[in-house]
Amino acid sequence: MKVGLIQLDGKRPNLALLKLATWHKNKGDDITILDLSGYKFDVTYASKIFAGGSGYNIKAKLPDGIEEVVPDYNAFNLDYSIVHTTRGCFRSCDFCIVKEKEGELTEIDNWKEKITKSKVILLDNNFLASKYAREKLQYFIDNKIKVCFDQGLDIRLVNEEYAQLLSKVKYYDSKFNYRVLYFAFDDVNIEPIIRKKIPILINGGIKSHHLMFYMLIGFNSSINDDLKRVNILWDEFGCLPFVMIYNNKKGKLLHLFSKWVNKRVHKKYTWDEWLDYTNYKEERHYEYLQ
Ligand code: SF4
């Protein structure tokens with residue numbers, strides 16, 4: 001068979017396509033890869049035989065026998081592996097589709113086989129929730145594997161032992177250019193946990209500026225909640241906030257806030273100074289205006 005593998009979007013090669021490449025090659029099929037992800041289309045029309053992924057269907061899965069194969073990283077010239085050691089999550093955060101899509105946390109048995117490179121992008125939704133998290137961290141340390149905890153780690157599950165192990169892991173961003181561990185501070189109500197757990201990470205040997213916290217905005221927080229989260233993370237602890245706007249929602253204030261944080265304007269200028277600079281004239285502090 002002649003098989004076309006076409007990537008239409010996404011910042012990195014799609015894991016399902018990498019697995020399909022292996023599966024079809026093992027059957028002796030000819031594969032052709034077409035990466036269109038660098039093109040910016042407003043609308044894409046395509047004819048297809050098989051379609052998958054959360055954007056298409058939240059319940060879509062790879063056909064039997066493909067999910068477990070070792071992805072063909074070389075077909076996409078990757079110098080890193082992309083791996084899940086678990087799927088699912090034990091939590092049910094209101095804004096998150098993981099529980100509905102993947103269910104409760106389950107272990108993936110053959111994850112070590114899928115690490116064939118010295119760098120790995122981990123796609124676990126809640127890595128620290130695994131009862132084998134310490135053994136996995138030790139495996140990365142012993143094998144000197146550079147790891148990107150791409151989906152973020154659950155700050156609520158951090159303890160002294162995990163902090164010490166994490167400090168010994170070669171953790172990196174998704175391009176393996178700089179040292180970073182991703183966490184989330186999505187809900188201002190976990191402030192006491194944030195205040196308790198960041199010092200545990202720092203005392204475990206991790207530099208505060210290696211800690212980046214995703215911050216969901218535009219879901220159920222006010223601008224004051226969001227300012228408070230930035231204040232705690234950056235001004236009090238020297239950790240980096242990174243704003244994610246819920247569902248890419250529209251709204252000038254949301255996008256100004258995102259720019260103020262993610263472009264690191266907040267390091268030099270206050271929120272009020274930024275609003276003056278951008279000539280923002282409407283209500284400044286209380287609600288996001290649509
Ligand atoms: S902890 Fe993370 S993965 Fe789990 S439900 Fe919440 S947001 Fe989703």
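A residue is called buried if its relative accessible area is under 20%, exposed if that area is over 50%, and partly exposed in between, using a 1.4 Å probe and protein chains only. Keep that in mind while you click around, starting with isoleucine 82: its relative accessible area is 1%, so it counts as buried.

Before going on, some ground rules. This is a predicted model, where local features need pLDDT of at least 70 and side-chain atom pairs count only at pLDDT 80 or more, while totals for chains, interfaces and linings use all residues. Residues are numbered from 1 along each chain as its sequence is written, and side-chain values use heavy atoms, with hydrogens and water left out.

**Stop 1: the whole chain**

Zoom out. You should find 8 helices and 11 strands in the chain; these are DSSP runs numbered from the N terminus, with helices (H or I) needing at least four residues and strands (E) at least two. The C-alpha atoms fill a box of roughly 60 × 45 × 30 Å along the principal axes. The radius of gyration is 21 Å, which agrees with the value near 19 Å for a compact globule of 290 residues. That radius is taken over C-alpha atoms, and the globule rule is 2.2 Å times the number of residues to the power 0.38.

How much of the chain is buried? Buried residues make up 44% of the 290 residues. Now think about contacts, meaning heavy atoms within 4.5 Å. Of the contacts in the chain with a separation of 6 or more, 71% are between residues 24 or more positions apart.

**Stop 2: isoleucine 82**

Select isoleucine 82 again; you'll find it in strand E3 (residues 81-83). Leaving aside neighbours within four places in sequence, isoleucine 82 is in contact with Arg12, Pro13, Leu15, Leu18, Pro71, Tyr73, Ile121 and Leu123. Now add threonine 116: isoleucine 82 and threonine 116 are 34 residues apart in sequence and 9.5 Å apart in space, C-alpha to C-alpha.

**Stop 3: aspartate 150**

Next, go to the loop between strand E7 (146-149) and H4, where aspartate 150 lies. Is aspartate 150 buried or exposed? Its relative accessibility is 13%, so aspartate 150 counts as buried. Not counting residues up to four places away in sequence, aspartate 150 touches Arg12, Ile121, Leu122, Leu123, Ser174, Tyr182 and Tyr214.

**Stop 4: lysine 19**

Jump to helix H1 (residues 15-26) and pick lysine 19. With a relative accessibility of 3%, lysine 19 counts as buried. Show side chains: those of lysine 19 and glutamate 67 make a polar contact at 2.7 Å. A polar contact is a pair of N or O atoms within 3.5 Å; within protein, one must be able to donate a hydrogen and the other to accept it, and residues adjacent in sequence count only if both atoms are side-chain atoms. Beyond its neighbours within four places in sequence, lysine 19 has contacts that include Leu62, Ile66 and Lys114.

**Stop 5: the ligand**

Display the ligand and select what surrounds it: Cys89, Arg91, Cys93, Phe95, Cys96, Asn125, Asn126 and Arg156. A residue is near a molecule or strand if one of its heavy atoms lies within 4 Å of it. This shell divides into 4 nonpolar, 2 polar and 2 charged residues. Here Ala, Val, Leu, Ile, Met, Phe, Trp, Tyr, Cys and Pro count as nonpolar, Asp, Glu, Lys and Arg as charged, and the others, Gly among them, as polar.

**Stop 6: helices H5 and H6**

Select H5 (191-203). The end C-alpha atoms of H5 are 19 Å apart, in agreement with the 18 Å that its 13 residues should span at 1.5 Å a residue. The expected span is 1.5 Å times one less than the number of residues. Colour its buried residues: Glu191, Ile194, Lys197, Ile198, Ile200 and Leu201. An α-helix has 3.6 residues a turn, so residues three or four places apart point the same way. Helix H4 (160-168), E9, E10 and H6 are among what covers the buried residues of H5. Just past H5, glycine 205 has a positive phi, near 110°.

Move on to H6 (residues 223-236), whose 14 residues reach 19 Å from first C-alpha to last, close to the expected 20 Å. Its buried residues are Ile223, Asp226, Leu227, Arg229, Val230, Ile232 and Leu233. They pack against H5, strand E10 (211-217), E11, H7 and helix H8 (271-277).

**Last stop: two loops**

Phenylalanine 176 sits in the loop between strand E8 (170-171) and strand E9 (181-184). Its phi is near 60°, a positive value in a residue other than glycine, and phenylalanine 176 is buried, at 10% relative accessible area. Finish at asparagine 248, in the loop between strand E11 (240-245) and helix H7 (252-262). Asparagine 248 also has a positive phi, about 50°, but counts as exposed at 66% relative accessibility.
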